[in-house]
Amino acid sequence: MSIKYAMLGILAERDLHGYELKSSFDEKVGDFWSLNYGQIYSTLDRLEKDGLVTHDREAQEKRPDRKIFRITPDGRQELTQWLATPVTRIRALRDEFFIKLVFMVKSDPAPVLALIDKQKTLYLKQMNRLTQRKLALKKGAGGNEALTSELLIDAGLFHAEADIRWLTLCEAKIKAAINQEK
Amino acid sequence: MIELRNAGKTYRQGSREVRALRDVSFIINKGEFLSIMGPSGSGKSTLLNLMGGLDQPTSGEVFIDGRPLHNITDNELTLIRRRRVGYIFQFFNLLPLLTAEENVGLPLLLDGLPFSEVKPRAAALLDKVGLRERAEHRPEQLSGGEMQRVAIARALITGPAVILADEPTGNLDSHTSEEIFLLLKSFNDQGQTIVMVTHDPKAAAYGTRIITLKDGAPDQDIVIGGDNP
Ligand SMILES: Nc1ncnc2c1ncn2[C@@H]1O[C@H](COP(=O)(O)OP(=O)(O)OP(=O)(O)O)[C@@H](O)[C@H]1O
Ligand SMILES: [Mg+2]
């Protein structure tokens, strides 16, 4: 799974505490991917066992030591290799909405059309939020980080657009089918 | 700002009637960026043409700045169209024999202003849309994205009450389209009211409000904007 590589990618930039890792993750890709601390620590555990990450202890007053995680040379090599490999697994067409469609479409088209409407509105609102974020980014200082965030936002916009276009097509085809029956 | 009261449009072809718009009522407030979406034939262009006085409703009324577009002389209507409304079209609609600067200044030239007065204003707007170096180019010497920027500058030159755009990026690639939306949005941020018809949800998402049309009538009216989810 690529949580592992996201952790390696973040640690390749600098050494971090577990909770800093989470905030860095949220800042970079949090809009599209949410992780809890449990997932972060279990991933770090596995990375340590594989020798890709190690940690130092940092003493704290009145509190237990903190772990600062660091990427190992093996970890860097693994990350570099992963980055250079294209993704062969195409995004799966598996979505709650598809399942709903399977169970609805046969009987009565009205609820399907109503659901499509609601779903489209939701996507449009989501796209509007993403666009607002993009506009805010554009007003900011720029730089490589901002460019990466913008490209991720664009990916979100294009995916939502594809979904809206497909829903619109569903609507048109379902209506055409109703008209034919009449 | 712009108000439609039960506006409708029925086209007649011989004995056949096409109800392109039925009983549409809504108000577009100053500073809004309204996106209009809907399937092909749902009446989007018809609606836009009514709002800009390019076409007359067959029923109901349209107002711009509180002034009716009905019961006025052709001459008055022409002046409103020229001075209070800026148009942006899918195919740019620039005059091929004029330079970019002359195209931008055209609405003012038609209004009788001398070129010496129009030129600096056209030049300033070309600068704002990032085309200072292209002022002397004719449309055939410009890319699609550049032509659309010229059209945007032309639409803005009269300081119109509203800009009406019909599929402004229908012929442009994604990146060029985005530059056009960012440009429109920047003018909207300065208070320019914009109404844009589009099939592209990415374009619609720049709006502060989205109205979808279905069979000649508004279906959904989604007011958005602000940063909070
Ligand atoms: N001049 C006209 N004469 C007769 N019918 C017309 C005329 N203009 C438009 N119509 C009809 O009115 C309806 C709405 O047309 P309109 O151009 O407003 O659709 P639209 O939503 O802009 O579609 P598109 O997305 O394809 O541009 C269509 O059924 C069309 O055939
Ligand atoms: Mg149209």
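Me: A polar contact is a pair of N or O atoms within 3.5 Å (within protein, one must be able to donate a hydrogen and the other to accept it, and residues adjacent in sequence count only if both atoms are side-chain atoms); what makes B:Gly43 a partner of ligand 1?

Reply: The model is predicted, so local features need pLDDT of at least 70 and side-chain atom pairs 80 or more, while totals for chains, interfaces and linings use all residues. Residues are numbered from 1 along each chain as written, chains are lettered from A and ligands numbered from 1 in written order, and side-chain values use heavy atoms, without hydrogens or water. A backbone N or O atom of B:Gly43 lies 3.0 Å from a ligand oxygen, so the pair is a polar contact. The side chain of B:Lys44 places an N or O atom 2.7 Å from a ligand oxygen, and that of B:Tyr11 places one 3.5 Å from a ligand nitrogen. The protein covers 61% of the 630 Å² of accessible area (Shrake-Rupley method, 1.4 Å probe) that ligand 1 has on its own.

Me: Which residues come nearest to ligand 1, and which element gives the most to its shell?

Reply: Of 13 residues around ligand 1 (a heavy atom within 4 Å), B:Ser40, B:Gly41, B:Lys44, B:Thr46 and B:His199 come nearest. Helix H1 of chain B (a DSSP run of at least four residues, H or I) gives the most, with 3 residues.

Me: Why is the shell around ligand 1 counted as having 1 charged residue?

Reply: The shell divides into 4 nonpolar, 8 polar and 1 charged residues, because Asp, Glu, Lys and Arg count as charged, whereas Gly is among the polar ones.

Technical notes:
Helix = DSSP H or I, 4+ residues; strand = E, 2+ residues; numbered from the N terminus.
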